[in-house]
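Student: Please take me slowly through the protein surface that faces the DNA. Which residues are there, and which atoms meet?

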Amino acid sequence: MPYIPGLLSFREVPAALAALEALTIQPELLMVDGHGIAHPRRLGVATHLGLISGYPTIGVAKKRLTGRHEEVGEAPESHTLLLDGDERIGTVLRSRGRVKPIFISPGHRVGHDTALAWVVRMLTGYKLPEPTRQADKLASNR
DNA sequence: GCGACAG
DNA sequence: ATCTTGTCGC
């Protein structure tokens, strides 16, 4: 399955489910590299994986897929709403100074505010939250 | 017809 | 994602 904007989950979910099967512990929450409901049909990879696995999920993306937002403040942890018309579909967060903001959105069984709180809580001084950093590190063999 | 477009 | 360019920390 090739990468097609809007259909990322069909490419990534199979591998994610296999990885979950291999775990020896049961996660309480999954932080996914991609959007949750901040998707044209509110079904980003985080939401899709949550629905199929049953786990609560949060979407953390490095780029916007859909929606509009005001410029985010320069200060670390500044944030603004990601909107599709008058509907809130996520939060745009300045995870640290001098970097482009990241996009947080509920995946499954998590609300906007708790999703944002979890991500902020997982920040360790870098642009991406620690779970995502660790995953990227493993995926790049480091 | 033109621009946008997660990883 | 991958590639290229610029800045930063060790």
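**The surface at DNA strand B**

Tutor: In this predicted model, DNA strand B is surrounded by 16 residues, and the closest of them are Tyr3, Gly6, Val45, Lys62 and Arg64; near means a heavy atom within 4 Å. Of the atoms of DNA strand B that come within 4 Å of the protein, 52% belong to sugar and phosphate. Three of these close residues can be taken one by one, through their polar contacts (N or O atoms paired within 3.5 Å). Tyrosine 3 uses its side chain: an N or O atom there is 2.3 Å from a phosphate oxygen of DNA strand B. Lysine 62 also has a phosphate oxygen of the strand as its partner, at 2.7 Å, but uses a backbone N or O atom. Glycine 6 faces a base instead, with a polar backbone atom 3.1 Å from a base nitrogen of DNA strand B. By class, the surface near the strand has seven nonpolar, five polar and four charged residues, with Gly counted as polar and Asp, Glu, Lys and Arg as charged.

For a polar contact inside the protein, take arginine 94: its side chain reaches the backbone oxygen of valine 72 at 2.9 Å. Arginine 94 has a relative accessible area of 12%, so it counts as buried (under 20%, 1.4 Å probe, protein chains only). Among the residues in contact with arginine 94 (heavy atoms within 4.5 Å), beyond four places in sequence, are Glu74, Glu77 and Lys100.

Residues are numbered from 1 along each chain, and chains are lettered from A as written. Local features need pLDDT of at least 70, side-chain atom pairs 80 or more, and hydrogens and water are left out.

Note on methods: Buried < 20%, exposed > 50% of the residue type's maximum accessible area, 1.4 Å probe, protein only. Polar contact = N/O pair within 3.5 Å; in protein donor to acceptor, adjacent residues only side chain to side chain.
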